[in-house]
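The following paragraphs offer a guided reading of the structure shown below. They begin with the chain as a whole and then turn to pairs of helices and to individual residues.

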Amino acid sequence: MTESYPIGPLSSPHIAAAGSDSTRLRGEVSSSRDSAPSLDIGHLLDHGPWTVLQKIVVFIAALSIIMDGFDGQLIGFAVPVLIKEWGVTRGDFAPALAAGLIGMGIGSAFAGLLADRFGRRGAVIVSVMVFGLATFCIGFAANLWHIGALRFIAGLGIGGALPSSTTVAAEFTPARRRTLAITATIVCVPLGGMLAGLFASVVLPNLGWRALFFLGGTLAVLLGFLLLLILPETPRFLVRRRARWAELRRLVGRMSRPVTADVVFTDLGEQRIEKREGFLALFERGRARDTIALWCAFFLNLLAVYSAFTWLPTMLTSEGLDVAIAGAGLTAYNFGGVLGALTCAMAITRYGSRWPLLLCSLLGAATALYLTRVNIALEASILIAGFGVQGFFANAVQSTMYAVCAYVYPTSVRATGTASALAFGRLGAILSAFAGAAVITVGGKDGYLLMLGVAMIGLTLSLAVVGRHIPARKT
């Protein structure tokens, strides 16, 4: 579901003294008789106030992630209708769905390169525009090849939007509030999916599946234009491009820190970051066990989560439920995911990560296996509520495993470790496109739920193998 890793380190120590003893050491601006005043952007962002402008930026970054989750899950609600209208099978649809997931993986991989070269602002705007326009064009699709190609293009934007927007949110938030801001933005993915479910429940019965994509794509494109008008570039990107310091001075002024025209901008904390180690460092110094266990955990968790995102409404309609009721199953799953992510994040802060994650993954497995006993014809409401509970546990683990990666790996390999775990997890998401179609065809509801249950049991075992869990807070 969620895939979040800020581009570059985000901490800066207080500015060191420069020049004479009369240098100002209030943490941000320093000057001496022989040099121009300087401003440490890193310290300003990490330890300064959280101004109205910064809060607005975090809010619109969150909006882009909501739209990411919204457009990304529209296809799941449309698949049952398309299968019936076009007379195709679930297996016929699998390659088209996999194409979108492959696009997401590529988009995630290249988002950092785009953001580092052209700016975080550009990466967010391009990502939103790409998935918005591609989603809109799906409304014109005449066959599965068209849908597959357009889903691949949309996936590039959907995959790139989350890391880029999360980076913007992180780089505009003080260190003391950064964890809360990042967690809030990650939760926006299932929130967007939940809104997509409510949207689809109104649009599909009245306007049809084409309108679903026309309207969903239009909303994303309009958000892209809004971002173009009001989203600023991040100070940490601007400080590295002297030609854009005039833009940085104006931005700092809007953040309630007016500076003179001769100020020299620095980011001392970034300059002290150690050189990053290579990929093989993930398997050195006792990290091999944790690396392999985290790869397996991401693979199994994304297999379960994307099986729901992609196939849950289809599975429910194959069991005889109305399309609107089937869509309510995925909406409940996403609603549970929002609550689960927030609850698990708070639990980890107090109790550490081992037992909350193990408990959530184990209860997710138990829920899926229990639902195999529910008679869908007589207890549809219980089944829908059960998927809300399953979404609570599955998404609770998915949203918080990134924090475990950040703890397991030191700064020198943190980005590499997190990205590799996510890349391995993407293979599980791609597999879900084919596995979901197969198990629904062969085993129906029970086969589908059994797959979810087995994946969550494997997730439990993988997380149990991880040795470096986040410790409990000392009281």
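Of the 475 residues in the protein chain, 58% are buried, where buried means under 20% relative accessible area, exposed means over 50% and partly exposed lies in between (1.4 Å probe, protein chains only). The model is a predicted one, in which local features need pLDDT of at least 70 and side-chain atom pairs count only at pLDDT 80 or more, while totals for chains, interfaces and linings use all residues. Residues are numbered from 1 along each chain as its sequence is written, and side-chain values use heavy atoms, with hydrogens and water left out.

The predictor's confidence in each residue is expressed as pLDDT, on a scale from 0 to 100. Its mean over the protein chain is 82, and 87% of the residues reach 70 or more. Over residues 1–27, by contrast, pLDDT stays under 50, and the model has 98 contacts beyond four places in sequence for this stretch. A contact here means heavy atoms within 4.5 Å.

The protein chain has 15 helices and three strands; these are DSSP runs, numbered from the N terminus, with helices being H or I of at least four residues and strands E of at least two. Among contacts between residues at least 6 apart in sequence, 81% join residues at least 24 apart.

Three helix pairs may now be considered in turn. Their axes are lines fitted to C-alpha atoms, for helices over the stretch in contact, and the angles run from 0 to 180 degrees between N-to-C directions. Helix 2 (52–86) packs with helix 7 (residues 209–230) at an angle of about 165°, the axes being 9 Å apart. Helix 2 is therefore roughly antiparallel to helix 7, given that angles over 145 degrees count as roughly antiparallel, under 35 as roughly parallel, 65 to 115 as roughly perpendicular and the rest as oblique. Helix 2 passes helix 7 in a left-handed crossing, a term for the case in which the near helix is turned anticlockwise from the far one by less than a right angle; a clockwise turn gives a right-handed crossing. By class, the contact of helix 2 with helix 7 has 18 nonpolar, three polar and three charged residues. In this classification Ala, Val, Leu, Ile, Met, Phe, Trp, Tyr, Cys and Pro are nonpolar, Asp, Glu, Lys and Arg are charged, and the others, Gly among them, are polar.

Helix 4 (residues 120–138) and helix 5 (residues 144–171) pack at about 150°, with their axes 7 Å apart. That angle makes helix 4 roughly antiparallel to helix 5. The contact of helix 4 with helix 5 has 14 nonpolar, seven polar and three charged residues, and helix 4 passes helix 5 in a left-handed crossing.

Helix 11 (residues 288–318) and helix 14 (residues 380–408) form the third pair, packing at about 150° with axes 10 Å apart. Helix 11 and helix 14 are therefore roughly antiparallel to each other. Residues of the contact include Leu294, Phe298, Leu302 and Phe309 of helix 11 and Phe387, Met401, Tyr402 and Val408 of helix 14. The contact residues divide into 19 nonpolar, three polar and one charged. Helix 11 passes helix 14 in a left-handed crossing.

Within helix 14 lies alanine 396. Alanine 396 is buried, with a relative accessible area of 0%. Beyond its neighbours within four places in sequence, alanine 396 is in contact with Gly340, Ala341, Cys344, Leu357, Cys360 and Gly391.

Arginine 289 belongs to helix 11 and, at 52% relative accessibility, counts as exposed. Its C-alpha atom is separated by 6.9 Å from that of valine 466, although the two are 177 residues apart along the chain. Apart from neighbours within four places in sequence, arginine 289 is in contact with Val465, Val466 and Gly467.

Two loop residues complete the account. Arginine 285 lies in the loop between helix 10 (268–271) and helix 11; with 62% relative accessibility, arginine 285 counts as exposed. The phi angle of arginine 285 is near 55°, a positive value in a residue other than glycine. Proline 49 is found in the loop between helix 1 (41–47) and helix 2 and counts as partly exposed at 35% relative accessibility. Leaving aside neighbours within four places in sequence, proline 49 is in contact with Gln54, Pro174, Arg176 and Arg257. The C-alpha atoms of proline 49 and threonine 173, 124 residues apart along the chain, are separated by 9.0 Å.
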